[in-house]
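Subject: Structure handover, with notes on what it shows

Dear colleague,

I am handing over the structure below, and my notes follow it. Please read them with the structure open beside you, so that each residue can be looked up as it comes.

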Amino acid sequence: MSGSVVSGSVVVGVDGTGNSVPAVRWGATEAAARDLPLHLVHSWRSQPPSVRVTHRAGDSECCGAEVLHAAEAAARAAYPGIAVTTEQVSEDAVAALTERSGQASMLVLGSRGHSAINGFLLGSVSLHVLGSAGCPVVTVREEQAVAYAEPEIVVGVRNTGVAGEPLLDFGFTAADTHHTGLRAVRVRQPPDIGGLAPDAAGLVPEDPELVLGEQKALTDALRSWRRKFPEVEVIEHMESGRVVPALLTAASQAGLLVIGRGVRRSPMLLGPVVLALLHHSPCPVAIVPGV
């Protein structure tokens with residue numbers, strides 16, 4: 001069935017390449033688990049060259065209709081009772097997906113490449129949508145097509161105040177929906193060496209009061225969410241060091257890594273930490289805006 005996006009839908013960007021396959025599967029799984037509609041969007045104007053070349057008639061709109069039909073069939077085959085709508089648009093893919101993210105509960109995009117060394121290889125469409133979408137965006141690559149295959153969700157908690165609530169809301173809701181645990185990771189920056197001498201192991205000692213303060217901040221931030229989602233098993237994970245290695249290590253056995261994205265006014269819409277996690281994460285990554 002064709003139509004515009006229904007409020008709260010799981011929206012999947014479909015480009016007609018193999019990159020879309022894991023995104024459609026992941027989005028269908030999420031829609032079925034949450035009892036939400038699935039909305040598939042394809043921009044015939046932004047079709048990759050390989051899609052147009054292989055189409056026998058060379059007609060972009062006809063090709064787009066076939067792409068959407070195949071994606072819808074795959075989603076319905078996996079979840080026969082799921083509500084699926086499709087939409088082919090003439091506008092640029094970035095503009096179309098960004099606009100529809102305003103009505104979506106989440107947006108799902110596929111990524112190129114699945115090398116353990118290269119990690120995510122995101123195209124310009126994905127990067128721009130990730131930086132401007134109004135809802136959480138999940139990026140998935142081919143070998144990650146099964147949603148939440150691992151036993152826990154990792155949430156990188158940078159802000160412990162009101163600004164961090166959308167992140168925790170998304171993480172706890174996902175964990176509760178998929179009956180999995182949640183690991184809340186907060187990374188303390190290494191202390192300024194200053195005049196401090198390293199210990200026998202070569203490490204600079206941390207101020208115990210600062211460490212306790214950081215732990216308390218994390219515990220306090222999680223308290224209301226624990227009450228709201230009592231069935232979710234929560235692990236509080238404090239670590240001192242660099243953010244990217246800490247989160248990548250924590251996510252090595254995770255089904256989803258959830259991180260925040262602040263509002264940036266520079267041409268580079270995603271910060272270096274977010275880009276590094278996107279490119280090297282061993283599992284799908286959900287980016288929550290405004291955190």
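Two strands are said to pair if DSSP finds at least two bridges between them. Please keep in mind throughout that the model is predicted.

With that meaning of pairing, 10 strands form an open sheet in the order S3-S2-S1-S4-S7-S12-S11-S8-S9-S10, and the pairing within the sheet is mixed. Its edge strands are S3 (84-89) and S10 (234-240), each of which pairs on one side only. From one strand to the next, the twist averages 20°.

Let me go through part of this sheet strand by strand. Strand S1 (residues 10-13) runs parallel to S4, to which 3 bridges join it, and Val 12 stands opposite Val 108 in S4. Strand S4 (residues 106-110) in turn pairs with S7 in the parallel sense, over 4 bridges, with Leu 109 opposite Thr 139 in S7. On the other hand, S7 and strand S12 (residues 285-289) pair in the antiparallel sense over 3 bridges, and here Thr 139 stands opposite Val 285 in S12.

Which way do the residues of S7 (residues 137-140) point? Val 137 and Thr 139 point one way and Val 138 and Val 140 the other, and all of them are buried.

Two helices deserve a look as well. Helix H5 (residues 124-132) lies across S4, S7, strand S11 (254-261) and S12, and it runs at about 160° to S4. For helix H3 (residues 60-78), a simple check of length is possible: at 1.5 Å a residue, its 19 residues should span 27 Å, and the end C-alpha atoms are 27 Å apart, which agrees. The buried residues of H3 are Ser 60, Cys 63, Gly 64, Val 67, Leu 68, Ala 71, Glu 72 and Ala 75.

Returning to the edge strand S10, you will find His 237 there. The relative accessible area of His 237 is 18%, and because buried means under 20%, this residue counts as buried. A polar contact of 3.2 Å joins its side chain to that of Arg 183. Leaving aside neighbours within four places in sequence, His 237 is in contact with Arg 183, Ala 184, Val 185, Arg 186 and Leu 218.

Charged pairs come next. Side chains of opposite charge can pair when their charged atoms come close. The structure holds 10 salt bridges, and I describe some of them here.

One of them joins Arg 186 and Glu 214, with the closest N and O atoms 2.7 Å apart. Arg 186 lies in strand S9 (residues 181-188) and Glu 214 in helix H7 (residues 208-228), so the pair ties together parts that are 28 residues apart in sequence. Arg 186 is buried at 13% relative accessible area, whereas Glu 214 counts as partly exposed at 25%.

Within helix H7, the side chains of Asp 220 and Lys 216 also meet in a salt bridge, at 2.7 Å from N to O. Because these two residues are 4 apart in the helix, about one helical turn separates them. Asp 220 is partly exposed at 31%, while Lys 216 counts as exposed at 52%.

Finally, Glu 87, Glu 91, Glu 99 and Arg 100 are linked in a network of salt bridges. Between Arg 100 and Glu 99, the closest N and O atoms are 3.7 Å apart. Arg 100 counts as buried at 8% relative accessibility, and Glu 99 is partly exposed at 48%.

With best wishes

Key:
Residues numbered from 1 in each chain as written. Predicted model: local features only at pLDDT ≥ 70, side-chain atom pairs only at ≥ 80, totals over all residues. Heavy atoms only, no water. Buried < 20%, exposed > 50% of the residue type's maximum accessible area, 1.4 Å probe, protein only. Axes fitted to C-alpha atoms, helices over the stretch in contact; angles between N-to-C directions. Contact = heavy atoms within 4.5 Å. Expected span 1.5 Å × (residues − 1). Polar contact = N/O pair within 3.5 Å; in protein donor to acceptor, adjacent residues only side chain to side chain. Salt bridge = Lys/Arg side-chain N within 4 Å of Asp/Glu carboxyl O.
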